[in-house]
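Welcome, and please open your viewer. We will walk through one model stop by stop, selecting a few residues each time.

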Amino acid sequence: MLRLLRNLAIAAAVALVCTVGISLFWRLIGGGPLPVHGWIALLIGTLGTVGLAWGLMALAFKSDREGWDARVDNSLDPAIHSADDPDKP
């Protein structure tokens, strides 16, 4: 549980740093000050992106650790058969 909370804190910190960085870049290119609703939307979008990336990478590592990638049945994939016989479409 402590590991999950630590990872959530790291994800929140990354989202906050990205939000501030994007806001500073926005001002640098002449976008003007960001209103409160802009900050909220930017923070939610950044946190959602970081969370989605974190979740998908966790699933990829879990799949690799448990061997799900090795159990894939590619016998129905038409690309495999066409690679064996270049004359077949």
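Leaving aside its neighbours within four places in sequence, which residues is S63 in contact with? Select S63, then W68 and D69: these are its partners, where contact means heavy atoms within 4.5 Å. S63 has its place in helix α2. It is buried, with a relative accessible area of 17%; buried means under 20% relative accessible area, exposed over 50%, and partly exposed in between (1.4 Å probe, protein chains only).

Before the next stop, a word on the model. This is a predicted model, in which local features need pLDDT of at least 70 and side-chain atom pairs count only at pLDDT 80 or more, while totals for chains, interfaces and linings use all residues. Residues are numbered from 1 along each chain as its sequence is written, and side-chain values use heavy atoms, with hydrogens and water left out.

**The whole chain**

Zoom out and colour by secondary structure. You should find 3 helices and 0 strands, in the pattern α-α-α along the sequence. Helices (H or I, at least four residues) and strands (E, at least two) are DSSP runs, numbered from the N terminus. Of the 89 residues, 9% count as buried. Among contacts with a separation of 6 or more, 50% are between residues 24 or more positions apart. Now turn on the surface: the accessible area is about 7,400 Å², and carbon and sulfur atoms hold 72% of that. Accessible areas come from the Shrake-Rupley method with a 1.4 Å probe; for residues, only the protein chains shown count as cover.

**Inside helix α2**

Select residues 36–66 to show helix α2, then pick out T46 within it. Is T46 buried or exposed? T46 is buried, with a relative accessible area of 10%. Not counting residues up to four places away in sequence, T46 touches A15, C18, T19 and I22.

**A salt bridge**

Next, select K62 and E66. Their side chains meet in a salt bridge, at 2.6 Å from N to O. The term means a side-chain nitrogen of Lys or Arg within 4 Å of a carboxyl oxygen of Asp or Glu. Side chains of opposite charge can pair when their charged atoms come close. Both residues lie in helix α2, 4 residues apart, about one turn of the helix. K62 is partly exposed at 40% relative accessible area, and E66 is partly exposed at 40%. A search of the whole structure finds 1 salt bridge.

**The largest pocket**

Keep K62 selected and add R3, N7, W54, G55, M57, A58, F61 and R65: together they line the largest pocket. The space in it is about 200 Å³. Which helix gives the largest share of the lining? That is α2, with 7 residues, and α1 and α2 each supply at least two. On a 1 Å grid over the protein atoms alone, a pocket is an open set of points where a 1.4 Å probe fits, with protein on both sides within 12 Å along at least five of seven lines; lining residues have an atom within 4 Å of a point.

**A nonpolar patch**

For the last stop, keep W54 and select M1, L4, L5 and L8. These residues make a nonpolar surface patch of about 520 Å². Such a patch joins nonpolar side chains (Val, Leu, Ile, Met, Phe, Trp, Tyr) within 5 Å, from residues with over 30% relative accessible area and no salt bridge. Helix α1 (residues 2–28) gives the most to it, with 3 residues. L4 lies in helix α1 and is partly exposed, with a relative accessible area of 41%.

Notes
Patch = residues over 30% accessible without salt bridge, like charges linked within 9 Å, V, L, I, M, F, W, Y side chains within 5 Å. Points joined across faces, edges and corners; volume = space filled by probe spheres on them.
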